[in-house]
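Work through the exercises below with the coordinates open, trying each task before reading its solution.

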Amino acid sequence: MIQRPRPFSLHVPDTAIADLRRRLADARFPDQAPGEPWAYGSDVGYVHRLVDYWCHSFDWRAEEARLNAFAQFKVPLHGIELHYLHVQGKGPAPLPLLLLHGWPGSVMEFIEVVPRLTNPARFGGDPADAFTVVAPSLPGFGLSFEPGQKRFSAEEMAECLAELMTDVLGYGRFGAQGGDWGAFVAARLGYAHAASLIGIHLNFMPLRRDPALPPDVTPEERRYLDELATFLAEETGYQWIQGTRPQTLAFALTDSPTGLAAWIVEKFRAWTDCGGDVERALSRDWMLANIALYWFTGAIGSSFWPYYARRHGPWPIPEGATVDVPVGYAQFPREILRPPRSLAARTFTDIRRWSPMPHGGHFAAMEQPDALVEEVRAFFRPLRAAVSSAV
């Protein structure tokens, strides 16, 4: 039996904020390893400055208010209390859009893109491009987490969110957009719930890591394979520990906000188009709003679970299967991996839009909100016209 959603507003207790500041003030830091800063992980000097700012200057209440400016809800679904933003579009026929974050992200990523998607006229756009946005905290992440609840794979997330869109909210057809795990979930929805999906737009291409290729690969495919080999050899330490011993790591990062900040900010720096200075791409306040949401909800351990599920189970899109709904892709230059279209087309058979972007990285909604939103609008524009003409 589907239950009715209830309105939700976030208010972290003052005692929790005071406890966080005490822990930050008492932080114990490691020494800096020899060599260049960031060469072996997070730079001690930078993390020390970030933690000092978090302790003495960061205004959580201001970031909390930014989130609470959007209509939020919780609904019992698939054994958890699922949290989501549900922001109505302002236009003649807003298109329902499921907006999906990844790791180590959260709904805080979407603070800038939600108004642009829902109210394009406010930003100089066409009201006909308006979306009604549903942006959930992925099951097991942030405000969709409570201690002791079940864990979710990407496939299980897709099933939960399909039910949210169709059964709870009553959207017979909708679009989906995502990066990181959100891209996996969107792709899975396109595979398993094609009849409900108008199309999916991705800013991360969730392809298998062991592509079967003929011996005569193209130069672009060879470039990608070399890029993939380097990534697997040098950049996947976090995946191995999160995918094999998530519980052990959860002890450290649930107990130490400094450790949590160091773990996440290293990814913010490595995966953004920042030229080595993370604050060129993301402000301290925005990074800390995201990190603090992990801290206050205690959800970091649960957020590791998709890595464990993927490492110990099948790929979310079964081997040999295809996603046949319309697909759009924005390829940002500092994305973790940038596969060529020829490989993507083996899985995604109906690629309608493939856009190399001039700037930006893995956290596109935070780094390049205007560019991402324009790509989403452009991809869905002909699809919404086709849907309207079929009604």
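Helices, here runs of H or I in DSSP with at least four residues, are numbered from the N terminus, and by that numbering Arg116 is found in helix α4. The model used throughout is a predicted one.

**Exercise 1. The surroundings of Arg116**

Task: Decide whether Arg116 is buried or exposed, and list which residues it touches beyond those up to four places away in sequence.

Solution. Begin with the accessibility: buried means under 20% relative accessible area, and because Arg116 has 12% relative accessibility, it counts as buried. Next, setting aside residues up to four places away in sequence, collect the residues that Arg116 touches, which are Phe123, Pro369, Asp370, Val373 and Arg377.

**Exercise 2. From one salt bridge to a network**

Task: Find the distance between the closest N and O atoms in the salt bridge of Glu112 with Arg66, and establish which residues are joined into one network by salt bridges that share partners.

Solution. The closest N and O atoms of Glu112 and Arg66 are 3.1 Å apart. Glu112 lies in the loop between β4 (95-100) and α4 (113-118), whereas Arg66 belongs to helix α3, so this pair ties together parts that are 46 residues apart in sequence. Glu112 is partly exposed at 25% relative accessibility, and Arg66 is likewise partly exposed, with a relative accessible area of 30%. Following the shared partners then gives one network made of Glu63, Arg66, Glu112, Arg116 and Asp370.

**Exercise 3. Two salt bridges of helix α1**

Task: Among the 20 salt bridges in the structure, examine the pair Asp14 and Arg61 and the pair Arg23 and Asp19, and state how the partners of each pair are placed in sequence.

Solution. For the former pair, the side chains of Asp14 and Arg61 meet with an N to O distance of 2.6 Å. Asp14 lies in helix α1 (residues 14-25) and Arg61 in helix α3 (residues 60-68), so the salt bridge ties together parts that are 47 residues apart in sequence. Asp14 counts as exposed at 56% relative accessibility, while Arg61 is partly exposed with a relative accessible area of 25%.

For the latter pair, the closest N and O atoms of Arg23 and Asp19 are 2.8 Å apart. Both residues are in helix α1, where being four residues apart separates them by about one helical turn. Arg23 is partly exposed at 25% relative accessibility, and Asp19 is partly exposed at 26%.

**Exercise 4. The faces of helix α7**

Task: Compare the span of helix α7 with the expected value, and work out where its buried residues fall when seen down the axis.

Solution. Helix α7 (residues 219-234) has 16 residues, and the 22 Å from its first C-alpha to its last is close to the 22 Å expected at 1.5 Å a residue. Its buried residues are Glu221, Tyr224, Leu225, Glu227, Leu228 and Phe231. Viewed down the axis of α7, they fall within an arc of 165°, so they line one face of the helix. What covers them includes α8 (237-244) and α14 (341-347), while the face turned away from the buried side carries the exposed residues Pro219, Ala233 and Glu234.

**Exercise 5. The nonpolar core**

Task: Determine how many residues the largest nonpolar core has, and which residues are in contact with Ile200 beyond its neighbours within four places in sequence.

Solution. The largest nonpolar core has 127 residues, and those with the most contacts inside it are Trp103, Leu164, Ile200 and Phe348. For Ile200, leaving aside neighbours within four places in sequence, the contacts are with Ala176, Ala186, Ala187, Val323, Val325, Pro326, Val327, Gly328, Phe348 and Phe379.

How values were computed:
Residues numbered from 1 in each chain as written. Predicted model: local features only at pLDDT ≥ 70, side-chain atom pairs only at ≥ 80, totals over all residues. Heavy atoms only, no water. Core = buried A, V, L, I, M, F, W, Y, C linked by side-chain atoms within 4.5 Å. Buried < 20%, exposed > 50% of the residue type's maximum accessible area, 1.4 Å probe, protein only. Contact = heavy atoms within 4.5 Å. Helix = DSSP H or I, 4+ residues; strand = E, 2+ residues; numbered from the N terminus. Expected span 1.5 Å × (residues − 1). Arc of directions from axis to C-beta. Salt bridge = Lys/Arg side-chain N within 4 Å of Asp/Glu carboxyl O.
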